[in-house]
Protein chains: 2
Amino acid sequence: MTLSSRDRLAIGELSARSGIAPSALRYYEELGLIRSERTSGGRRRYRRATLRRLAFIRVAQTIGLSLDEIRDCLADLPADHVPNAAEWETVATAWQRRIDARIADLERLKSKLTGCVGCGCLSLTRCALYNPADTAAGRGPGARFLLPSEDPPSV
Amino acid sequence: MTLSSRDRLAIGELSARSGIAPSALRYYEELGLIRSERTSGGRRRYRRATLRRLAFIRVAQTIGLSLDEIRDCLADLPADHVPNAAEWETVATAWQRRIDARIADLERLKSKLTGCVGCGCLSLTRCALYNPADTAAGRGPGARFLLPSEDPPSV
DNA sequence: GTGCAATGTCAAGTGCACTTGAGGTCAAGC
DNA sequence: GCTTGACCTCAAGTGCACTTGACATTGCAC
């Protein structure tokens, strides 16, 4: 039984178990999202808790966070030990709020589309999908509205 | 009253009314997402229906479609006239399915997080957020699971 | 008829999230 | 001892969705 299989993971093992390519793992480390120790020969060795961290990262990406934002999020979680209930609760509830907001965005969009089906979008002045854009004239360049309830990532 | 303000829009007007930069509009045209006619002097002139198309594009982006996918979607909508009820219905219902799938993904994630709060994530073998990743060992590199119900964009 | 903002093209640059390649090292197995 | 595969670093490349820059032209406003 090798050392890594006892309590530390080699990068290949971590990659296999997380589904994330070694190159990406090195990249995450470079960005400060994960950490590793090194063997005397210079190879990376990861704690098992890193797997949890990676699961976290992957989930965070699916709800639209950038790696930079994710790094900030991870600062709220312990890097080297299993988070306790209180630590989790803080982070998880903040995330749930974020997910809720995203779901609300999508529901809003869906109802707009429903309205469009109803109206047949025959009227430029009535279509909800169309008008939010058109009435944005003069709000300055690059204005994005309609969907993203763009509160800064607070978790 | 200028020609463009009568029934065609100059790129600056379209940009102001859509909130999308002129450079992006040219880029979209290059990709075949929108079309324009040209004045004798070579300037772009857009039909008003292009605004609707742009609203569509922006919405499609927020639900995660690439511009390539969006171009395919737009093929189902008339480029130059206001879509009729049947045309809209086809497209809009397909979109709603896609939105529903995305919402379901998020709900699934949310319930996983809820479970994590409950368990306090004190157990590596029990945490739902953690295990889907860890048990993926051997599924090949780059495997992504957990969230994306990855059906090809069919709308 | 002149000025100037808006627009045109084309090539190159940007930011993100990685991947790929070159060239070298480490370590388990025979 | 030697092979072989996993791993190392560093630089460069990739794909997407645009933006920026340089330089030329157009056309409305005075």
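Trainee: Is Glu29(B) buried or exposed?

Mentor: Glu29(B) counts as buried because its relative accessible area is 18%, where buried means under 20% relative accessible area, exposed over 50% and partly exposed in between, computed with a 1.4 Å probe on protein chains only. Bear in mind that this is a predicted model, in which local features need pLDDT of at least 70 and side-chain atom pairs count only at pLDDT 80 or more, while totals for chains, interfaces and linings use all residues. Residues are numbered from 1 along each chain as its sequence is written, chains are lettered from A and ligands numbered from 1 in the order in which they are written, and side-chain values use heavy atoms, with hydrogens and water left out.

Trainee: OK, and which side chains does the side chain of Glu29(B) make polar contacts with?

Mentor: The side chain of Glu29(B) has a polar contact of 3.0 Å with the side chain of Arg44(B), and another of 3.3 Å with the side chain of Tyr46(B). A polar contact here is a pair of N or O atoms within 3.5 Å; within protein, one must be able to donate a hydrogen and the other to accept it, and residues adjacent in sequence count only if both atoms are side-chain atoms.

Trainee: Where does Glu29(B) lie?

Mentor: Glu29(B) lies in helix H3 of chain B, helices being DSSP runs of H or I with at least four residues and strands runs of E with at least two, numbered from the N terminus.

Trainee: Switching residue, what is Ile11(B) in contact with beyond its neighbours within four places in sequence?

Mentor: With those neighbours left aside, Ile11(B) is in contact with Pro22(B), Leu25(B), Arg26(B), Arg44(B) and Tyr46(B), contact meaning heavy atoms within 4.5 Å. Tyr46(B) is 35 residues from Ile11(B) in sequence, yet their C-alpha atoms are 7.3 Å apart in space. Ile11(B) belongs to helix H2 of chain B, and it counts as buried because its relative accessibility is 17%.

Trainee: Which other residues of H2(B) are buried?

Mentor: In helix H2 of chain B, residues 11-18, the buried residues are Ile11(B), Leu14(B), Ser15(B) and Ser18(B). Seen down the axis of H2(B), they fall within an arc of 100 degrees, so they line one face of the helix; the arc is that of the directions from the helix axis to the C-beta atoms.

Trainee: Why would residues three or four places apart point the same way?

Mentor: An α-helix has 3.6 residues a turn, so residues at that spacing point the same way. After H2(B) comes Gly19(B), whose phi is positive, near 80 degrees.

Trainee: What does the side chain of Arg58(B) lie 2.7 Å from?

Mentor: A polar atom of the Arg58(B) side chain lies 2.7 Å from the backbone oxygen of Ser18(B). Arg58(B) is in helix H4 of chain B, residues 49-62, and it counts as buried because its relative accessibility is 7%.

Trainee: Now the DNA, which residues come nearest to strand D?

Mentor: Among the 19 residues around DNA strand D, those that come nearest are Arg43(A), Arg44(A), Ser23(B), Tyr28(B) and Gln61(B). Sugar and phosphate account for 73% of the atoms of DNA strand D that come within 4 Å of the protein, and a residue is near a strand if one of its heavy atoms lies within 4 Å of it.

Trainee: Which backbone atoms lie by phosphate oxygens of strand D?

Mentor: A backbone N or O atom of Arg44(A) lies 2.8 Å from a phosphate oxygen of DNA strand D, and a backbone N or O atom of Ala24(B) lies 3.2 Å from one. H3(B) gives the largest share of the surface near that strand, four residues.

Trainee: And how many residues surround strand C?

Mentor: DNA strand C is surrounded by 18 residues, the closest being Ser23(A), Tyr28(A), Gln61(A), Arg43(B) and Arg44(B). Of the atoms of DNA strand C within 4 Å of the protein, 75% belong to sugar or phosphate and the rest to bases. An N or O atom in the side chain of Arg38(B) is 3.0 Å from a phosphate oxygen of DNA strand C, and a backbone N or O atom of Gly12(B) also lies 3.0 Å from a phosphate oxygen of that strand.
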